[in-house]
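Got your viewer ready? Here is a short tour, one selection at a time.

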Amino acid sequence: MQGYCATGPDALQSRYLTEDIPYALVLASSIGTEVGVRTPVIDGSIAIGGAMLGRDFVAEGRTLASLGLGGVGVEGLRRYAETGRFPA
């Protein structure tokens with residue numbers, strides 16, 4: 001294909017998978033769970049990435065609970081986003 005340039009990762013152990021899945025997608029899924037929004041595509045991507053790399057990204061990833069924000073609900077998350085202070 002003329003003019004085609006492959007600029008993506010060339011290995012599975014790319015930071016696009018090893019960092020983005022546990023730190024971005026797992027957190028997005030956790031936020032969805034907290035606010036009652038289903039995230040089937042994100043959850044599927046986490047599962048496929050984990051299967052490809054032999055890792056449990058849900059267990060090792062960043063979640064609202066690991067950030068001290070588990071169980072605060074929509075209002076608690078909104079308050080944290082507006083003030084930067086953890087809800088009481």
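**Stop 1: a nonpolar patch**

Select I31, V35, V37 and V74 and switch on the surface: together they make a nonpolar surface patch with about 280 Å² of accessible area. Keep in mind that what you are looking at is a predicted model. Click on V74, which sits in helix 5, residues 73–83. V74 counts as partly exposed because its relative accessible area is 39%, and the cut-offs for that class are 20% and 50%.

Now add G36 to the selection. G36 belongs to the loop between helix 2 and helix 3, and with a relative accessible area of 65% it is exposed. Draw a distance from G36 to V74, C-alpha to C-alpha: you should get 9.1 Å, although these positions lie 38 residues apart along the chain.

**Stop 2: along the loop to T39**

Stay in that loop and move to T39, which lies between helix 2 (20–35) and helix 3 (40–53). Is T39 buried or exposed? It is buried, as its relative accessible area is 14% and the limit for buried is under 20%. Show what surrounds T39: leaving out residues up to four places away in sequence, it touches A28, S29 and G32.

**Stop 3: the core**

Hide the surface and select I21, V26, I46, L53 and F57. These 5 residues form the largest nonpolar core. Helix 2 and helix 3 are the elements that give two or more residues to it. As background, nonpolar side chains in soluble globular proteins tend to be buried together.

Center on I46 next. Setting aside neighbours within four places in sequence, I46 is in contact with I21, L25, V26, S29, F57 and V58.

**Stop 4: V72 and the chain end**

Jump to V72, in the loop between helix 4 (57–60) and helix 5. V72 is partly exposed, at a relative accessible area of 24%. Beyond residues up to four places away in sequence, V72 touches E34, L77 and P87. Then pick A88 as well: V72 and A88 are 16 residues apart in sequence, and their C-alpha atoms are 8.9 Å apart in space.

**Stop 5: salt bridges**

How many salt bridges does a search of the whole structure find? The search turns up 2. Opposite charges on side chains can pair when their charged atoms come close.

- Select R55 and E60: they form a salt bridge, with the closest N and O atoms 2.3 Å apart. R55 is partly exposed at 29% relative accessible area, and E60 is partly exposed at 38%.
- Select E75 and R78: this salt bridge has its closest N and O atoms 2.5 Å apart. The two residues are about one helical turn apart, because they are separated by 3 residues in helix 5. E75 counts as partly exposed at 47% relative accessibility, and so does R78 at 41%.

**Last stop: zoom out**

Go back to cartoon view for the overall layout. There are 5 helices and 0 strands, in the order α-α-α-α-α along the sequence. Of the 88 residues, 25% count as buried. About 6,100 Å² is exposed, with carbon and sulfur atoms supplying 56% of that area. Among contacts with a separation of 6 or more, 57% join residues 24 or more positions apart.

Finally, color by pLDDT. The average is 89, and 85% of the residues score at least 70. Confidence is lowest in helix 1 (residues 15–18), with a mean of 84, and highest in helix 2, at 97.

Definitions and conventions:
Residues are numbered from 1 along each chain as its sequence is written. This is a predicted model: local features need pLDDT of at least 70, side-chain atom pairs count only at pLDDT 80 or more; totals for chains, interfaces and linings use all residues. Side-chain values use heavy atoms; hydrogens and water are left out. Helices (H or I, at least four residues) and strands (E, at least two) are DSSP runs, numbered from the N terminus. Buried means under 20% relative accessible area, exposed over 50%, partly exposed in between (1.4 Å probe, protein chains only). Contact means heavy atoms within 4.5 Å. Patches are made of residues with over 30% relative accessible area and no salt bridge: like charges are joined within 9 Å, nonpolar side chains (Val, Leu, Ile, Met, Phe, Trp, Tyr) within 5 Å. Accessible areas come from the Shrake-Rupley method with a 1.4 Å probe; for residues, only the protein chains shown count as cover. A salt bridge is a side-chain nitrogen of Lys or Arg within 4 Å of a carboxyl oxygen of Asp or Glu. A nonpolar core is a set of buried Ala, Val, Leu, Ile, Met, Phe, Trp, Tyr and Cys residues joined through side-chain atoms within 4.5 Å. pLDDT is the predictor's confidence in each residue, from 0 to 100.
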